[in-house]
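User: Please go through the side-chain interactions of this model. For each label, I would like to see the criterion behind it.

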Amino acid sequence: MTIDNLSTNKSHGGWQKQYRHRSSVLQCDMRFSIYLPPQASKGTRVPVLYWLSGLTCSDENFMQKAGAQAMAAKLGIAIVAPDTSPRGDGVADDNGYDLGQGAGFYVNATQAPWREHYQMYDYVVDELPKLIEACFPVTDKRAIAGHSMGGHGALVIALKNSHAYQSVSAFSPICHPMNCPWGKKAFSAYLGRDPSLWSAYDASVLMAAASHKLPTLVDQGDADNFMLEQLMPEALQAAAAANDYPLQLNICEGYDHSYYFVASFIAEHLRFHAQYLFTDI
């Protein structure tokens, strides 16, 4: 596994780094950012929080805007942020911000022209963790989190692979994508027009049927302009209630959809994950 270091910056006693590698799953070059806390430079292997970002973002947005490094350094947790889609001149794209490059939706596409490269589910679940665990001083203890489209991805991936993660959290996730405009557009393109195939990537559907249950934290701002039409947290709450699922859903007064919201509560999310990353559940 060959990775190329693109940048290195010291942060809170640890190291913020960015790498490029060739993805066999996505058939293109991919970037990821990683924060290694100071404990990782002292011979200690640390657990990993995988962070999935939202529409139009790259691997850089969360690392530069959320201010997560301070608490990650204190707790001894590495953070890995992949890009949000495959990219490159030969990768299919769309003129809209909510489809194509920057909008991979963390699914495995089955439809042309997307299926050749848009296998983001397999990349996040399998290829990227193997790469991280082979190249960096980390353990196999993982948590996953995300924002908006990335919150959708984090919830879906955790629900479908509950054995691989200790916990999951999300900010402003797209909770019921098969029933909202963003999800309908993306799923129609990537998965085809049969809605029965979309439920495999819908967190509300998956949570209602889940048997193995992970600790789950979701924060949603009540001043988020996308909440009612696109995010639909009430659908996730109903699914959790129907299945006695351990979901903690917080409606946060006055907060919107921005990284100001994420930065306000990211320390609490890291502390939440630390409860499970450092113990067996």
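The exchange below takes up salt bridges, cysteines, aromatic rings and one strand residue in turn.

User: On what basis are the values given?

Analyst: This is a predicted model, in which local features need pLDDT of at least 70 and side-chain atom pairs count only at pLDDT 80 or more, while totals for chains, interfaces and linings use all residues. Residues are numbered from 1 along each chain as its sequence is written, and side-chain values use heavy atoms, with hydrogens and water left out.

User: Why is the contact of Arg-22 with Asp-29 called a salt bridge?

Analyst: A salt bridge requires a side-chain nitrogen of Lys or Arg within 4 Å of a carboxyl oxygen of Asp or Glu. The closest N and O atoms of Arg-22 and Asp-29 are 3.4 Å apart, so the pair meets the criterion. Side chains of opposite charge can pair when their charged atoms come close. In total, the structure holds seven salt bridges.

User: Is Arg-22 buried or exposed, and what is Asp-29?

Analyst: Buried means under 20% relative accessible area, exposed means over 50%, and partly exposed covers values in between (1.4 Å probe, protein chains only). Arg-22 has 55% relative accessibility and therefore counts as exposed. Asp-29, with a relative accessible area of 40%, is partly exposed.

User: What makes Glu-60 and Arg-31 a salt bridge, and where do the two residues lie?

Analyst: Their closest N and O atoms are 3.9 Å apart, so this pair also satisfies the distance limit. The pair links distant parts of the chain: Glu-60 belongs to the loop between β4 (46-52) and α1 (61-65), and Arg-31 to strand β3 (residues 28-36), 29 residues apart. Such helices (H or I, at least four residues) and strands (E, at least two) are DSSP runs, numbered from the N terminus. Glu-60 is partly exposed at 29%, and Arg-31 is partly exposed at 28%.

User: Why does Asp-98 count as buried, and which residue is its salt-bridge partner?

Analyst: Asp-98 has 10% relative accessibility and therefore counts as buried. It forms a salt bridge with Lys-185, the closest N and O atoms being 2.7 Å apart. This pair links distant parts of the chain, with Asp-98 in the loop between β5 (78-82) and α3 (120-135) and Lys-185 in helix α5 (residues 181-191), 87 residues apart. Lys-185 is partly exposed, at 35%. Elsewhere, salt bridges that share partners join Arg-31, Asp-59 and Glu-60 into one network.

User: How do you know that Cys-57 is in no disulfide?

Analyst: A disulfide is a pair of cysteine sulfur atoms within 2.5 Å. For Cys-57, the nearest cysteine sulfur is that of Cys-180, 17 Å away, so the criterion is not met. Cys-252 is likewise in no disulfide, the nearest cysteine sulfur being that of Cys-175, 13 Å away. The structure holds zero disulfides. Cys-57 is buried at 9%, as is Cys-252 at 8%.

User: Why are Phe-105 and Phe-187 called an edge-to-face pair?

Analyst: Rings of Phe, Tyr and Trp (its six-membered ring) pair if their centres lie within 6.5 Å; planes under 30 degrees apart count as stacked, over 60 as edge-to-face and the rest as tilted. Phe-105 and Phe-187 are 6.4 Å apart centre to centre with 75 degrees between the planes, so both conditions hold. Phe-105 lies in the loop between β5 and α3 and Phe-187 in helix α5, 82 residues apart. Phe-105 is buried at 0%, and Phe-187 is buried at 0%. By this rule the count comes to 17 aromatic pairs.

User: What makes Phe-261 and Phe-265 an aromatic pair, and where do they lie?

Analyst: Their rings are 5.7 Å apart centre to centre, with 75 degrees between the planes, so the pair is edge-to-face. Both residues lie in helix α9 (residues 259-277), four residues apart, about one turn of the helix. Phe-261 and Phe-265 are both buried. They belong to one aromatic cluster with Trp-51, Phe-62, Phe-171 and Tyr-255.

User: Why does Val-48 count as buried, and which residues does it touch?

Analyst: Val-48, in strand β4, has a relative accessible area of 1% and is therefore buried. Counting contact as heavy atoms within 4.5 Å, and leaving out residues up to four places away in sequence, Val-48 touches Ile-77, Ala-78, Val-80, Val-138, Lys-141, Arg-142, Ala-143 and Leu-277.
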